Amino acid sequence: MRRLLLAGLTAFAVLPAAAGTAPKLDLETIMANPDWMGHEVETPYWSVDGRSLYYRLKRDGSPVRDLYRVDPARGASSKLDAAATAHAEGPAVYDRAHRYAAYIFHGDVFLVELASGRCTQVTRSSLPESSPRFSADSRTLQFRESNSWYVYDIASGVTAPAAVLKFADDPQAKKPDALGQQQLDLFKSLREDKADKDALHANEQELAAADPSRAPQPFYLGDKQQLADAELSPDGHWMLVVTQPAHHDDGKAPNVIHFVTDTGYTETEAARTYVGRNDPAPQSVLLLDLVAHKSYPLSTDKLPGIKDDPLQAIRAKTIAQLQQAGKGDDAKALKAPDVRPVTLYSMDSGSAGIVWTDDGRNAALEFLAIDNKDRWIASVDFTHHTLVPQHRLHNDAWINWIFNEFGWLKDGRTLWYLSEESGYSQLYIKPVDGATKALTSGKFEVSQPQLSNDGKWFYLRTNKTAPYSYDIYRVPSNGGELSRITRYGGMDQFVLSPDDTQLAVLHSSAYVLPQLAVQNVDGSAPREFTHTMKPGFTAYAWIEPKIVEVPSSHGAGVIYAKYYGPADDTAAPASRPAVLFVHGAGYLQDVKQAATYYQHEQLFNNLLVQQGYVVLDMDYRASEGYGSAWRTAIYRQMGHPELEDLLDGKAWLVKNHGVDPRRVGIYGGSYGGFMTEMALLRAPGEFAAGAAQRPPSDWVTYNAPYTSDILNDPQLDPEAYKTSSPITYAENLRDPLLINHGLIDDNVLASDSIRLYQRFVELHKKNFWISLYPLERHEFEHADAWYDEYRRIDELFETWVKPAR
């Protein structure tokens, strides 16, 4: 589910136009190509010398992102043409002595000597390089090409592989079987030939060990495993290699069918595997000593709780039911493993969850249990070649997909990490041989920790002042006061300057996409550098959503929501229609002081108000930003706590805004579409009509990483899937339902909606419709499809919600 870099902006807040001058909204305009609104500033980063900032902007009418450069001292910003772009830079890393910088640009590696400014292009290859890093002694530059690491010697200019990994058996290690040994015993010539081969191999190894100019000897790792990732130590001594079974069965993948193609022929495309059809491949870690040329497996057996079964009660119940039904083989397949399989946490870069200290003397790894209940951080004992457990995070429901960042302080002995162990994501430090210390605490979320280059401060994003308000804070890396740096309320992304003196910040507001600002790290001297919204868009008198607190009648406390209503918000009781908009992704926060991810929907909400409705957009349980208990309330019962919250939202509208309880509609996409279906099917009569876009209608056919976290595997926990799937409740349909789905959606497959539609047909239901879009995936991309989709929703509400009953 697409995520835009949306943040909060106050300096460029959109003000209502003067009375009588604002143009009137129409569906054709608000569903047009989003270019008419403006563009968000994307991926800002500092130049090597820290004097300039680069960022990208989408080009009108094109997916191309142009590169811009701004001078924060003068405020001048310019778009770089092709010639100027060829001389631009990428985000830089620096050596410990600060003599050199390196960066990746157009997929190649560049090295800069800081004193002279001399730039050297290190690679020019067809495959992209990544992850540049200097060795601990600053003599070499390391980088990776896919999962292969290379070392560039700065003095000689020679590049060589750090290690050669071969997933095959070592031919020299092969021992003759009984027949082969008999041949050697019988024939002198065969013995002599073998002795000659052994002598040549031994001589080659001796020469290679004594000659650093030669390529390294290969590591033969066997043909039973395949490479998942590899991480080289900064001192070049060690490599951690992540492997997984070579012939792991990924399961049968369903097909997406393309009916409208540029060839004129119907085409098929494999999509992702269904949940439970095969778990992710279990991973293992090897420690390679590149100097001694030896390999050591790092066993996870000593991780605390690794041999427990957190699903024991559910497992026992399901096994008993299968045995009673005479399905002994199925019951046997559900037997708990002796040691729970794990994977390495996948970091934002796509690499495994492995972090080295700057000097390469310590490494930490982050493991996730495939059953999703535990996360472990362990360091490596290089003397004994073992893992040393440092932290365990357990959650009876599931470990969060985010808030898993970790690393090392500059002392190379102290870990830092985020953890939800208190119920909210907070920042902790822990010496490898010492006790844990919390750097932050409270009922708010901490994310995006960035350690300053001098190692003295952590800069981070939090919603400390209110769940919907995000800003940059900082805290001393050894503990101290958490202090606020920015005051945007809608900040989403920031980048610290190389000299630790300035912050580049992306921030936005309700109708202004992310814009670039710079300010000092003490919070002083904020300067704004971009304003990329279009005059045609800002001319409208957009409704500023009002953040409200809806009381829960189910013991959940307060449900935060955005309310859209007319300027004159007085209405007689039970006199007006309303619509609930339900955000998608489940775990997503839409109630923020920032530009929404749902741009089209927000404009549609404005149109609804213009047509006489009021609209409520709620951060129901499962939403991001409110702690782990709020997130995991849906464990094994998706669609149930959320529906309670939506019904509380409806009751709040009736009580506080004169809404007729018989004239409330509901709509949303993806998880919002799922909740629309759950609302109509589990609470028939509560909503006058609903529109579900690209909805998961049966979680058995969704993917493994998302669904198994929340519902476990369907073979193990079939009751959770039955409880949580709209198709279970199809017989309850009595209110009008419109389903819109892209036919080439490879996230939530169109078959989900088609299968539910068939259930309605067989149940002889009325007033249900489906619209299929041949050229749309999960995120609609074409303005015509957006318009058609929302024209149908508008007509649904005009027919079934707006008229007084």
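**Sheets, pockets and buried residues in a predicted model**

User: Hello! How many of the 5 residues of strand 43 are buried?

Analyst: Happy to help, and please keep in mind that this is a predicted model. Strand 43 covers residues 689-693, and a residue counts as buried when its relative accessible area is under 20%. Strand 43 is largely enclosed by the rest of the structure, because the residues that pass this test number 5 of the 5.

User: Which residues of strand 43 point one way, and which the other way?

Analyst: In a regular strand the side chains alternate between the two faces of the sheet. Ala689, Ala691 and Gln693 point one way from strand 43 and are buried. The residues that point the other way, also buried, are Gly690 and Ala692.

User: Which residue stands opposite Ala691 of strand 43?

Analyst: Strand 42 (residues 659-669) runs parallel to strand 43, and 5 bridges join the two. Across from Ala691 in strand 43 stands Tyr667.

User: Which strands stand at the edges of the open sheet of 8 strands?

Analyst: The strand order of this sheet is 38-39-41-40-42-43-44-45, and the pairing is mixed. Each edge strand has a single partner strand, so one side of each is left without a neighbour in the sheet. The edge positions belong to strand 38 (546-551) and strand 45 (768-773).

User: By what angle are neighbouring strands of this sheet turned against each other on average?

Analyst: The sheet in question is the open one of 8 strands, with the order 38-39-41-40-42-43-44-45. With direction ignored, the average turn between neighbouring strands of this sheet is 25°.

User: What is the bridge partner of Tyr563 in strand 41?

Analyst: Strand 39 (residues 558-564) pairs with strand 41 (residues 614-618) in the antiparallel sense, over 4 bridges. In strand 41, Tyr563 has as its bridge partner Leu616.

User: At about what angle does helix 14 run to strand 45?

Analyst: Helix 14 spans residues 750-762 and lies across strand 44 (737-742) as well as strand 45. Relative to strand 45, helix 14 runs at about 155°.

User: In the open sheet of 4 strands, what is the bridge partner of Trp408 in strand 27?

Analyst: This sheet has the order 26-27-28-29 with antiparallel pairing. Its edge strands are strand 26 (406-408) and strand 29 (437-438), each pairing on one side only. Strand 26 and strand 27 (residues 414-419) are joined in the antiparallel sense over 3 bridges. In strand 27, the bridge partner of Trp408 is Leu415.

User: Which element gives the most to the lining of the largest cavity?

Analyst: The largest cavity has a volume of about 100 Å³. It is lined by 13 residues, with Ala510, Tyr511, Leu513, Phe537 and Gln599 closest to its centre. Strand 36 (512-520) and helix 8 (599-610) are the elements that give two or more residues to the lining of the largest cavity. The most, 3 residues, comes from helix 8.

User: How many charged residues are in the lining of the largest cavity?

Analyst: The lining of the largest cavity includes 9 nonpolar residues and 4 polar ones. As for charged residues in this lining, there are no such residues.

User: Which element gives the largest share of the lining of the second largest pocket?

Analyst: The second largest pocket has a volume of about 1,000 Å³. Of the 34 residues that line it, Pro161, Ala162, Pro212, Arg214 and Pro216 lie nearest its centre. Strand 10 (140-145), strand 11 (148-153), strand 12 (159-161) and helix 4 (188-210) give two or more residues to the lining of the second largest pocket. The largest share, 3 residues, is that of helix 4.

User: How many nonpolar residues does the lining of the second largest pocket have?

Analyst: Sorted by class, the lining of the second largest pocket has 10 polar and 6 charged residues. The count of nonpolar residues in this lining is 18.

User: Is Thr343 buried or exposed?

Analyst: Thr343 is found in strand 21 (residues 342-344). It touches Pro280, Ala281, Gln283, Glu366, Phe367, Leu368 and Ile370, leaving aside residues up to four places away in sequence. The relative accessible area of Thr343 is 17%, and the cut-off is under 20%, so Thr343 is buried.

User: What is the relative accessible area of Ala102?

Analyst: Ala102 lies in strand 6 (residues 100-105). Not counting residues up to four places away in sequence, Ala102 touches Pro91, Ala92, Val93, Phe110, Pro132, Phe134 and Leu141. Ala102 is buried, with a relative accessible area of 0%.

Conventions:
Residues numbered from 1 in each chain as written. Predicted model: local features only at pLDDT ≥ 70, side-chain atom pairs only at ≥ 80, totals over all residues. Heavy atoms only, no water. 1 Å grid on protein atoms, 1.4 Å probe; cavity = no way out; pocket = protein on both sides within 12 Å on 5 of 7 lines; lining within 4 Å. Points joined across faces, edges and corners; volume = space filled by probe spheres on them. Nonpolar A, V, L, I, M, F, W, Y, C, P; charged D, E, K, R; others polar. Pairing = 2+ DSSP bridges. Axes fitted to C-alpha atoms, helices over the stretch in contact; angles between N-to-C directions. Contact = heavy atoms within 4.5 Å. Buried < 20%, exposed > 50% of the residue type's maximum accessible area, 1.4 Å probe, protein only.
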